[in-house]
Amino acid sequence: MFYCFAAWLPAIVEDKGYASSYAGFIGTLSMIAQLPATLLLPFLLRAIPSRRFWITSFTLSEILGLALLSFTNITPIVSSICLGIGAGGLVSLTLLLPIDKTNSPIEASTWSAMTQAIGYMIGAVGPFIIGLLYDYTGSFLQTMYLLIAIGFIVIFLGWKITKPTDKANVG
């Protein structure tokens, strides 16, 4: 999801009728909005250690940003902030999951390398698919539906890979 909106958010905003300079600003604002979520995650995890809670919250932030961008005329500034907060938190969480699921530093580095390699390969295909869908349909709306659906899949998978008994979720 991150690579899709990182690559296409300005074009989506421009497609909604905004100037290209404003669309570029929205893309930049989304990237800046990632910083607080990324930097504050360790403190947030101390307050609420549940990975499930944060995966759900950050993904819902992305879904909200996509929905606002797709179905409302609310300024894209709100959408870009929601997308940025969601992406910043999810990126940080995905880097922690191999540590949560393993028992040694070597095992964690192996899992981390594997998940990042697969994740980057999947991530590289996403923007291409968005472009193909846009070329085929002439609209970004179907791509937004797809990204929202992927968001719900992320929540489902997040719940599957994190259990209440995980060492990271035990208070």
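The following legends describe close-up views of a predicted model.

**View A. Packing of helix α3 against helix α6.** Two packed helices are described by the angle between their axes and the distance between the axes. Helix α3 spans residues 51-71 and helix α6 spans residues 141-161. Their axes come within 9 Å and cross at roughly 170°. Because angles over 145 degrees count as roughly antiparallel, α3 is roughly antiparallel to α6.

**View B. Residues at the contact between α3 and α6.** On the α3 side, the contact is formed by Arg52, Ile55, Thr56, Thr59, Leu60, Ile63, Leu66, Ala67, Leu69, Ser70 and Phe71. These residues meet a set in α6 that includes Leu141, Met144, Tyr145, Leu147, Ile148 and Gly151. Also among the α6 residues of this contact are Phe152, Val154, Ile155, Gly158 and Trp159.

**View C. Surroundings of Ala149 in helix α6.** Ala149 belongs to helix α6. The relative accessible area of Ala149 is 37%, so this residue is classed as partly exposed. Ala149 and Ile63 lie 86 residues apart along the chain, and 8.6 Å separates their C-alpha atoms. Ile63 is one of the α3 residues that take part in the contact with α6.

**View D. Ser61 and its contacts in helix α3.** Ser61 is a residue of helix α3. With a relative accessible area of 13%, Ser61 is buried, since buried means under 20%. When neighbours within four places in sequence are left aside, Ser61 is in contact with Cys82, Leu83, Ile85 and Gly86.

**View E. The environment of Leu93 in helix α4.** Leu93 is located in helix α4, which comprises residues 76-101. This leucine is buried, its relative accessible area being 2%. Apart from neighbours within four places in sequence, the contacts of Leu93 are Leu41, Leu45, Arg51, Trp54, Ile55 and Phe58. For one of these partners, Trp54, the C-alpha to C-alpha separation from Leu93 is 8.0 Å, and the two residues are 39 apart in sequence. Another partner, Ile55, also appears among the α3 residues that meet α6.

**View F. A nonpolar surface patch that includes Ile118.** Trp111, Met114, Ile118, Met121 and Ile122 make a nonpolar surface patch of about 530 Å². Ile118 lies in helix α5, which covers residues 105-137. The relative accessible area of Ile118 is 41%, and the residue is therefore partly exposed. Patches are made of residues with over 30% relative accessible area, a cut-off that the 41% of Ile118 satisfies.

How values were computed: Residues are numbered from 1 along each chain as its sequence is written. This is a predicted model: local features need pLDDT of at least 70, side-chain atom pairs count only at pLDDT 80 or more; totals for chains, interfaces and linings use all residues. Side-chain values use heavy atoms; hydrogens and water are left out. Patches are made of residues with over 30% relative accessible area and no salt bridge: like charges are joined within 9 Å, nonpolar side chains (Val, Leu, Ile, Met, Phe, Trp, Tyr) within 5 Å. Accessible areas come from the Shrake-Rupley method with a 1.4 Å probe; for residues, only the protein chains shown count as cover. A salt bridge is a side-chain nitrogen of Lys or Arg within 4 Å of a carboxyl oxygen of Asp or Glu. Helices (H or I, at least four residues) and strands (E, at least two) are DSSP runs, numbered from the N terminus. Buried means under 20% relative accessible area, exposed over 50%, partly exposed in between (1.4 Å probe, protein chains only). Axes are lines fitted to C-alpha atoms, for helices over the stretch in contact, and angles run from 0 to 180 degrees between N-to-C directions. Angles under 35 degrees count as roughly parallel, over 145 as roughly antiparallel, 65 to 115 as roughly perpendicular and the rest as oblique. Contact means heavy atoms within 4.5 Å.
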